[in-house]
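Me: I have a structure open and would like to talk through it with you. Could you take my questions one by one?

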Amino acid sequence: QVQLVESGGGLVQAGGSLRLSCAASRSIFSVNAMAWYRQAPGKQRELVAAITTGGSTNYADSVKGRFTISRDNAKNTVYLQMNRLRPEDTATYYCGPRFRGYWGQGTQVTVSS
């Protein structure tokens, strides 16, 4: 059964931090690079960060140095630590296997100025 459940979103002031979590079914997590995406109102979904099964990472230029993606293989969970948040980071954040074209229900992140 395919399962992706994101959590950890919320309302935070600019400069603050949040940590998002995504619990995935083992069938997805164990064989795929995982990624976080986001979609703001009126904009296309964009890749935020990705991590391979071996732990290699890549980031969108807009979040480099502020966000960190990690994965816990024992828990089938991928995380996104978001620091120094900006109002332009406001979006619904989704996780999913990289290059597969599907993701969870999303978690809302709102950054107030």
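Me: In what order do the four strands of the open sheet run, and which are the edge strands?
Reply: Happy to help! This is a predicted model, where local features need pLDDT of at least 70, side-chain atom pairs count only at pLDDT 80 or more, and totals for chains, interfaces and linings use all residues. Residues are numbered from 1 along each chain as its sequence is written, and side-chain values use heavy atoms, with hydrogens and water left out. The pairing is antiparallel in the order S1-S3-S8-S7 (strands are DSSP E runs of at least two residues, numbered from the N terminus; two strands pair if DSSP finds at least two bridges between them). Pairing on one side only marks the edge strands, S1 (4-7) and S7.

Me: Which residue in S8 is the bridge partner of Ser21?
Reply: S3 and S8 pair in the antiparallel sense over six bridges. In S8, the partner of Ser21 is Tyr79.

Me: How many residues apart are the two cysteines of the disulfide?
Reply: The structure holds one disulfide (a pair of cysteine sulfur atoms within 2.5 Å), and its S to S distance between Cys22 and Cys95 is 1.7 Å. Both cysteines are buried (under 20% relative accessible area with a 1.4 Å probe, protein chains only). Cys22 lies in strand S3 and Cys95 in strand S9, so the link spans distant parts of the chain, with a separation of 73 residues.

Me: Which element gives the largest share of the largest nonpolar core?
Reply: This core (buried Ala, Val, Leu, Ile, Met, Phe, Trp, Tyr and Cys residues joined through side-chain atoms within 4.5 Å) has 27 residues, and Trp36, Val78, Leu80, Met82 and Tyr93 touch the most other members. Elements giving two or more residues include strand S4 (34-39) and strand S8 (77-82). The largest share, four residues, comes from S3.

How values were computed:
Buried means under 20% relative accessible area, exposed over 50%, partly exposed in between (1.4 Å probe, protein chains only).
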